[in-house]
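Dear colleague,

Please find below the structure that I am handing over to you. My findings follow after it, grouped by region.

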Amino acid sequence: METDREYIESQVQSNGMQIGMLNIMSANAVVEKVKQTPVPNDLYNGLWHEGEVACLFADSNLGKSILAVQMAEEISRNRRVLYVDCELSDKQFQMRYYSEERDVTHKFPDSLYRATIAPGGTVSGSYEDAIISHIEKAANTLDAKIIIVDNLTYLCNTSEKGDAAGNFMMKLMTLKMKYGWSLLIIAHTPKRDTRAAITPNDLAGSKKLFNFFDTIFAIGKCRYDENFRYILQVKVRAGEFLYPEDNVVVCEISKDEDGFLKFAHRGFGSESDQLQDADNTELITNICM
């Protein structure tokens with residue numbers, strides 16, 4: 001019996017051991033094992049890091065997909081990215097990245113792959129399980145470890161119900177741990193007062209969903225200009241709070257000459273300033289300086 005105890009102790013202090021679904025190792029052994037592991041790379045301006053499951057949420061028509069594609073485009077310059085688009089038709093996507101004035105369409109990196117739901121497809125069993133299975137197969141086929149899912153509501157029709165959304169997220173988390181993926185999930189808010197500051201409770205199904213995500217950031221509307229938005233970090237697990245309520249990222253939705261629709265950075269400011277019905281000329285001037 002003592003020999004068995006000594007063996008178990010030596011295992012958890014060195015290589016660890018598995019008991020059922022659990023991998024067990026002493027805390028000291030974990031620290032020694034991973035201290036030489038590189039710090040996860042920043043994927044996009046401190047908002048999302050490698051190996052994280054991130055969430056971007058906002059109310060309707062505030063530009064969630066615009067920002068998500070912009071992130072995908074930037075990341076795909078160095079990595080393969082799978083963007084699962086359940087929002088736009090192919091034509092809508094093309095027109096969004098087309099300059100009619102110059103008759104130019106934006107050229108994306110070849111390593112950015114866009115997936116859509118095939119019309120008329122049938123699945124056996126759970127629709128959500130089938131979608132997750134197909135995302136897994138597509139990402140592995142393309143050797144893409146950066147996955148963006150737009151959006152949670154479409155893939156999990158009961159996402160506002162905490163239990164259903166939680167089960168869906170657990171399945172995505174399993175894929176993250178299995179393959180070392182980095183996942184960004186686009187979500188929405190229930191109807192809210194856009195004059196109020198953004199809080200974690202604005203994420204649909206937040207009580208169940210909030211804990212699943214490593215990092216959460218949101219888009220708010222700047223009340224002084226129809227085309228201005230702000231980006232606020234709501235949760236950070238491993239990085240820094242670079243963009244809290246007193247240092248939000250202020251952006252203008254605009255289109256480049258080559259047709260690329262994007263969040264153009266205009267500066268930083270406080271969330272409270274973005275929510276004011278102020279004289280926009282002076283405020284925008286101060287932000288852009």
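Which backbone oxygen lies 3.5 Å from a polar atom of the side chain of S111? It is the backbone oxygen of R79. Please bear in mind throughout that the model is predicted.

S111 itself is placed in the loop between β6 (104-105) and β7 (112-115). With a relative accessibility of 18%, S111 counts as buried, because the limit for that class is under 20%. Apart from its neighbours within four places in sequence, S111 is in contact with S76, R79, R80 and V81.

Overall composition

The chain comprises 10 helices and 13 strands. Of its 289 residues, 46% are buried. If one takes the contacts between residues at least 6 apart in sequence, 64% of them join residues at least 24 apart. The accessible surface of the chain amounts to about 15,900 Å², and carbon and sulfur atoms account for 50% of that area.

Aromatic pairs

The structure contains 8 aromatic pairs. In one of them, the ring centres of F93 and Y97 are 5.0 Å apart and the ring planes stand at 55 degrees, so this pair is classed as tilted. Both F93 and Y97 are buried. Another pair, formed by Y243 and F268, is stacked, with 6.2 Å from centre to centre and 10 degrees between the planes. Y243 belongs to the loop between β11 (228-236) and β12 (248-255), whereas F268 belongs to strand β13 (residues 261-269); the pair therefore ties together parts that are 25 residues apart in sequence. Y243 is buried, at a relative accessible area of 12%, while F268 is partly exposed, at 41%. In addition, F93, Y97, F108 and F260 make up one aromatic cluster.

The surroundings of R237

R237 is likewise found in the loop between β11 and β12. Its relative accessible area is 46%, which means that R237 is partly exposed. Two polar interactions of the R237 side chain deserve mention: a polar contact of 2.9 Å with the side chain of D214, and an approach of 3.1 Å to the backbone oxygen of N211. Both of these partners appear among the residues that R237 contacts beyond four places in sequence, namely N211, F212, F213 and D214. R237 and E52 are 185 residues apart in sequence, yet their C-alpha atoms are 9.2 Å apart in space.

A buried helix residue and a surface patch

I132 is located in helix α5 (residues 127-142). Its relative accessibility is 6%, so I132 counts as buried. Beyond its neighbours within four places in sequence, I132 is in contact with F168, K171, L172 and L175. For one of these, L172, the C-alpha atom is 7.3 Å from that of I132, although the two residues are 40 apart along the chain.

On the surface, I19, M21, L22 and I24 form a nonpolar patch of about 460 Å². Within that patch, M21 sits in the loop between β1 (17-19) and β2 (22-24). M21 counts as exposed because its relative accessibility is 84%, in contrast to I132, which is buried.

With kind regards

Key:
Residues numbered from 1 in each chain as written. Predicted model: local features only at pLDDT ≥ 70, side-chain atom pairs only at ≥ 80, totals over all residues. Heavy atoms only, no water. Helix = DSSP H or I, 4+ residues; strand = E, 2+ residues; numbered from the N terminus. Buried < 20%, exposed > 50% of the residue type's maximum accessible area, 1.4 Å probe, protein only. Contact = heavy atoms within 4.5 Å. Polar contact = N/O pair within 3.5 Å; in protein donor to acceptor, adjacent residues only side chain to side chain. Patch = residues over 30% accessible without salt bridge, like charges linked within 9 Å, V, L, I, M, F, W, Y side chains within 5 Å. Areas by Shrake-Rupley, 256 points an atom, 1.4 Å probe, with all protein chains shown as cover. Salt bridge = Lys/Arg side-chain N within 4 Å of Asp/Glu carboxyl O. Phe/Tyr/Trp six-rings, centres within 6.5 Å; stacked < 30°, edge-to-face > 60°.
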